[in-house]
Amino acid sequence: MTGDSGAGQTTSLTLGAVVRAALPDFAPTHRLPAHHWKVLRALAACHTAALGGHQYECAHCGQPHFVPHSCGNRHCPSCQRLQGAQWLEQQTEHLLPIPYFHVVFTLPHDLNPLIQHNQAPLYSLLFSSATATLLEFGRNNLGATLGITAVLHTWGQNLGDHYHLHCVVTGGGLALDGASWVALRPTWLFPVRALSVVFRAKFRDGLQSLFDAGQLQFPRTGPRLADPRGFARWRRRLCRHKWVVYTKRPFAGPQAVLAYLCRYTHRVAITNRRLEAWDLQNGTVTFGYKDYAHRSQSRSMTLSLTEFLRRFCLHILPPRFVKIRHYGLLANRDRPARIAQARARLAEVHRQPEPGPNPVLTVKHVEPPPLVCPHCGHPALVLIRVIDRPKTPTVWDTS
């Protein structure tokens with residue numbers, strides 16, 4: 001990826017570089033929560049001397065080489081790839097040799113203003129409504145407990161608001177008494193229309209409960225929702241239309257589930273790969289996106305740096321909010337015991353010896369390659385010292 005530095009020079013383009021360029025004009029004109037500024041400062045400092053780093057020297061040519069530290073923030077695309085791989089390695093042991101389904105629950109855009117003012121409670125309501133719907137269908141239709149991994153995404157391809165939940169669902173579950181494994185047909189989960197109706201009802205009721213408890217904040221513009229009658233009318237209009245629940249084709253085996261989880265679980269609003277160019281003289285940045293309204297055609301969008309940063313800030317999660325959650329058979333509490341029980345029941349179904357701790361579906365731990373000297377190309381870099389971050393604040397530090 002390249003960018004126009006404004007002087008005719010081509011440089012690699014990262015989200016951190018865009019944030020560093022945009023913050024001087026963005027900070028004086030935008031009021032954001034404190035944790036938003038914390039995230040932006042972390043992204044701006046990522047892989048720069050502002051965080052310190054490791055000082056190396058090549059044992060072959062004697063040239064010095066400085067490797068700056070990364071920020072480790074969960075909103076940073078440069079850092080999430082490694083964290084995603086580490087998380088995936090931990091989850092592999094819980095996969096079962098069964099079909100898996102992919103279900104997406106999407107909230108209507110009429111909810112966007114309210115969600116922006118109540119991110120944590122409404123994100124949690126989305127999780128609880130969608131997963132309770134799936135678990136209820138599993139109990140009522142199968143008499144079994146399904147396993148669900150749910151991942152929150154808040155963005156669309158153009159960085160606008162698009163609140164939806166990706167759910168990876170086991171193709172079957174443990175019988176409610178734990179005595180057998182109940183399998184689903186490998187090509188069918190549940191009717192999406194029925195899922196949509198139940199999901200909408202659960203979210204509607206949860207929304208009313210939050211209103212009755214006084215836990216909602218309302219935007220100053222738009223309908224007057226603080227009044228009970230106005231809120232009731234708005235809620236009825238919201239539920240007149242169908243809510244989108246989309247079931248994708250089942251995964252082609254557990255290995256495909258691994259590939260999906262690796263791509264989606266630690267994804268952020270925009271990756272470095274999608275950044276195409278920037279123009280510092282005109283203060284713009286261009287990124288690629290898929291236009292789903294026109295057969296997923298690849299297009300480019302150019303925004304001012306401040307508008308780009310404003311849109312990115314829409315997708316900064318509340319502090320300590322967990323965006324990847326497990327339910328049912330995969331719930332964190334006593335999960336190893338339930339997975340072992342499920343493997344035992346699956347072995348009985350296939351009349352095979354009870355399998356061990358998933359010998360096939362493993363992610364190999366790969367040792368990092370030796371550091372190569374950028375000057376002579378030899379893998380001979382020797383660590384000289386670790387440099388701490390400087391105490392002097394950087395130019396983009398808004399604190």
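This is a short talk on the helices, aromatic rings and one histidine of a predicted protein model.

Let me start with the whole protein. The chain has 399 residues, and 46% of them are buried. Its secondary structure comes to 10 helices and 16 strands. Now take the contacts with a separation of 6 or more. Of these, 69% join residues 24 or more positions apart. The accessible surface is about 21200 Å². Carbon and sulfur atoms hold 52% of that surface.

Now, two helices. Look at H6 first, residues 192-212. H6 has 21 residues. From first C-alpha to last, H6 reaches 30 Å, close to the 30 Å expected at 1.5 Å a residue.

Which residues of H6 are buried? There are Leu195, Ser196, Phe199, Arg200 and Phe203. Then come Gly206, Leu207, Gln208, Leu210 and Phe211. Note that the list includes an arginine, Arg200, and a glutamine, Gln208.

What do these buried residues pack against? Three helices are on the list: H4 at 112-117, H5 at 119-142 and H7 at 228-238. Two strands are there as well: S5 at 100-106 and S11 at 245-247. After H6 comes Gly214, with a positive phi near 70°.

Next, helix H2, residues 34-45. H2 has 12 residues and spans 17 Å between its end C-alphas. The expected figure is 16 Å, so to speak of the two as close is fair, by the 1.5 Å a residue rule. His36, Trp37, Val39 and Leu40 are buried in H2. Ala42, Leu43, Ala44 and Ala45 are buried there too. The partners of these buried residues are helix H1 at 15-26 and helix H9 at 305-313. Just after H2, His47 has a positive phi of about 60°.

On to the aromatic rings. The structure holds 14 aromatic pairs. One of them joins Phe231 and Trp234. Their centres are 5.7 Å apart, with 40° between the planes, and the pair is tilted. Where do the two residues lie? Both are in helix H7, three residues apart, about one turn of the helix. In general, an α-helix has 3.6 residues a turn, so residues three or four places apart point the same way.

Why do both count as buried? The cut-off is under 20% relative accessible area. Phe231 is buried because its relative accessibility is 1%. Trp234 is buried because its value is 8%.

Ring pairs also build a cluster of Phe105, Phe199, Phe203 and Trp243. We met Phe199 and Phe203 among the buried residues of H6.

There is a charge to point out as well. Arg325 lies over the face of Phe127, at 4.3 Å from the ring centre. The charged end of Arg325 also sits over the ring of Phe321, 4.7 Å from its centre.

Last stop: His315. Find this residue in the loop between H9 and strand S15, which covers 324-328. Is His315 buried or exposed? His315 is buried, because its relative accessible area is 6%, under the 20% cut-off.

What does the His315 side chain make a polar contact with? The side chain of Thr154, at 2.9 Å. The backbone oxygen of Arg311 is 3.5 Å from a polar atom of the His315 side chain. Now leave aside neighbours within four places in sequence. His315 then contacts His75, Thr154, Trp155, Leu159, Gly160, Asp161 and Ala269.

That is the tour. Thank you.

How values were computed
Residues are numbered from 1 along each chain as its sequence is written. This is a predicted model: local features need pLDDT of at least 70, side-chain atom pairs count only at pLDDT 80 or more; totals for chains, interfaces and linings use all residues. Side-chain values use heavy atoms; hydrogens and water are left out. Helices (H or I, at least four residues) and strands (E, at least two) are DSSP runs, numbered from the N terminus. Buried means under 20% relative accessible area, exposed over 50%, partly exposed in between (1.4 Å probe, protein chains only). Contact means heavy atoms within 4.5 Å. Rings of Phe, Tyr and Trp (its six-membered ring) pair if their centres lie within 6.5 Å; planes under 30 degrees apart count as stacked, over 60 as edge-to-face and the rest as tilted. A charge sits over a ring if NZ of Lys or CZ of Arg is within 6 Å of the ring centre and within 35 degrees of the ring normal. A polar contact is a pair of N or O atoms within 3.5 Å; within protein, one must be able to donate a hydrogen and the other to accept it, and residues adjacent in sequence count only if both atoms are side-chain atoms. Accessible areas come from the Shrake-Rupley method with a 1.4 Å probe; for residues, only the protein chains shown count as cover.
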